[in-house]
Amino acid sequence: MTRMRLHRGLAALCLTFAALSGIAPKQAEASSSGNVWAFNTDGTHALLSVRHVRTFLNSPEGTDVVLMTARCNRDAPDPVVTVLLRLDVRANPQPREELFVKARPGNALSVMATYDRDASGNAGENRARYRFTLRTDSAFFAELIAPTARFKPTVDAVRWGGGFDLSAATQSDRQDIADFVESCDRYRQGSEAAARPGASDACADFLKGPNQFANNASRSYRDETVGRVCGRNKQSTEPAICMHFAISGRFPSNLDGSANWTADDAALLCSNARNAEARLTCFRQQLGLGATQAQAIAACKDAG
């Protein structure tokens, strides 16, 4: 028993001496790595990005590399994708390069991509960035969003390879990708509706045309004003008829009988009107009851 206590005491003494001498037992180093996705939008543009982040235990240093970005907007709803490639040492980046967009095993989409010299220079030695357009209904985006996908989507150069794993491991990352796709699809629907002639533009066309209540004079409006007037009733001319009459100079705006309508106030009154006459009649009645302009507009927003 005495000998065991002696051994334990010596071992403890050795450990204490080692710690005081700066030669404490070395801990095993550990690190973690993975992809981090991010989605941002301002209502007219949408940006999706994925970064590969690697951190080292007990160290402030790490790596953070942007592997891919995708952008879309109202004028260009199909995402423009920019990817980082780690080229073979023999590779010589070309102005145009064929890339394989790999979404599933044995299923790759060939695209012709354009070399981005400035972004490639910022990416570092022997790394190249290429950009191309890819529709949101491609299998690539669907595979990134799928929660059960085991295949690792990549974008590789056909001749040299050099792609990175673009997997989205967490539900929040997959939701960011889904939100980006939804934003681009919404921009596409908006641009297709704007380009499509006919009934869907009836309200806007009438509003921008001659005002029959004001000597057929035409007036230009901001897109926001047109959107507020027509709202969900784009196929009807009723909101535009209401707007035309409100600003014609014939329609009272206040209790004193003046007809000083601003475009913004008239747009609030006529927004989504299904029956112009009913909306305007309601407003007159509210003024007769002593309401202010703002109060009458609020009271009649669902009338007609």
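How many of the seven residues of E4 are buried? In this predicted model, five of them are, so strand E4 is largely enclosed by the rest of the structure. The report below begins with this strand and its partner, then turns to the salt bridges, to helix H6 and finally to Arg 279.

**Strands E4 and E7**

Strand E4 spans residues 80–86, and strand E7 spans residues 127–133. The two strands pair in the antiparallel sense, over seven bridges. One of the residues involved is Arg 86, whose bridge partner in E7 is Arg 127.

**Salt bridges**

Side chains of opposite charge can pair when their charged atoms come close. The count of salt bridges in this model is 14. Three of the pairs are set out in the table.

| Pair | N to O distance | Relative accessibility |
|---|---|---|
| Arg 135 and Asp 78 | 3.7 Å | Arg 135: 39%; Asp 78: 22% |
| Asp 116 and Arg 131 | 3.5 Å | Asp 116: 19%; Arg 131: 35% |
| Arg 228 and Asp 264 | 4.0 Å | Arg 228: 33%; Asp 264: 34% |

The salt bridge between Arg 135 and Asp 78 links distant parts of the chain, 57 residues apart. Arg 135 sits in the loop between strand E7 and helix H3 (139–145), whereas Asp 78 sits in the loop between strand E3 (62–73) and strand E4. Arg 135 counts as partly exposed, and Asp 78 likewise counts as partly exposed. Both residues also belong to a network of salt bridges that includes Asp 137, Asp 185 and Arg 188.

Strand E7 supplies a residue to another pair, in which Arg 131 meets Asp 116. Asp 116 lies in the loop between strand E6 (107–115) and helix H2 (117–123), and Arg 131 lies in E7, so this salt bridge ties together parts that are 15 residues apart in sequence. Is Asp 116 buried or exposed? With a relative accessibility of 19%, Asp 116 counts as buried, because the cut-off for that class is under 20%. Arg 131, in turn, is partly exposed.

The pair of Arg 228 and Asp 264 joins two helices. Arg 228 belongs to helix H6 (residues 223–230) and Asp 264 to helix H8 (residues 263–270), so the salt bridge ties together parts that are 36 residues apart in sequence. Arg 228 counts as partly exposed, as does Asp 264.

**Helix H6 and its surroundings**

Which residues of H6 are buried? They include Thr 225, Val 226, Val 229 and Cys 230. These residues cover an arc of only 115 degrees around the axis, which puts them on the same side of H6. An α-helix has 3.6 residues a turn, so residues three or four places apart point the same way. The cover over the buried residues of H6 includes helix H5 (202–208), helix H7 (238–246) and helix H8. On the face turned away from the buried side, H6 carries the exposed residues Asp 223 and Glu 224. Just after the helix, Gly 231 takes a positive phi of about 45 degrees.

**A buried arginine without a salt bridge**

Arg 279 is located in helix H9 (residues 276–288). What is the nearest side chain of opposite charge to Arg 279? That side chain is Asp 302, which is 6.3 Å away, and Arg 279 is buried yet has no salt bridge. A polar atom of the Arg 279 side chain does, however, lie 3.1 Å from the backbone oxygen of Cys 300.

Terms used. Residues numbered from 1 in each chain as written. Predicted model: local features only at pLDDT ≥ 70, side-chain atom pairs only at ≥ 80, totals over all residues. Heavy atoms only, no water. Helix = DSSP H or I, 4+ residues; strand = E, 2+ residues; numbered from the N terminus. Buried < 20%, exposed > 50% of the residue type's maximum accessible area, 1.4 Å probe, protein only. Arc of directions from axis to C-beta. Contact = heavy atoms within 4.5 Å. Pairing = 2+ DSSP bridges. Lys, Arg positive; Asp, Glu negative; His and termini not counted. Polar contact = N/O pair within 3.5 Å; in protein donor to acceptor, adjacent residues only side chain to side chain.
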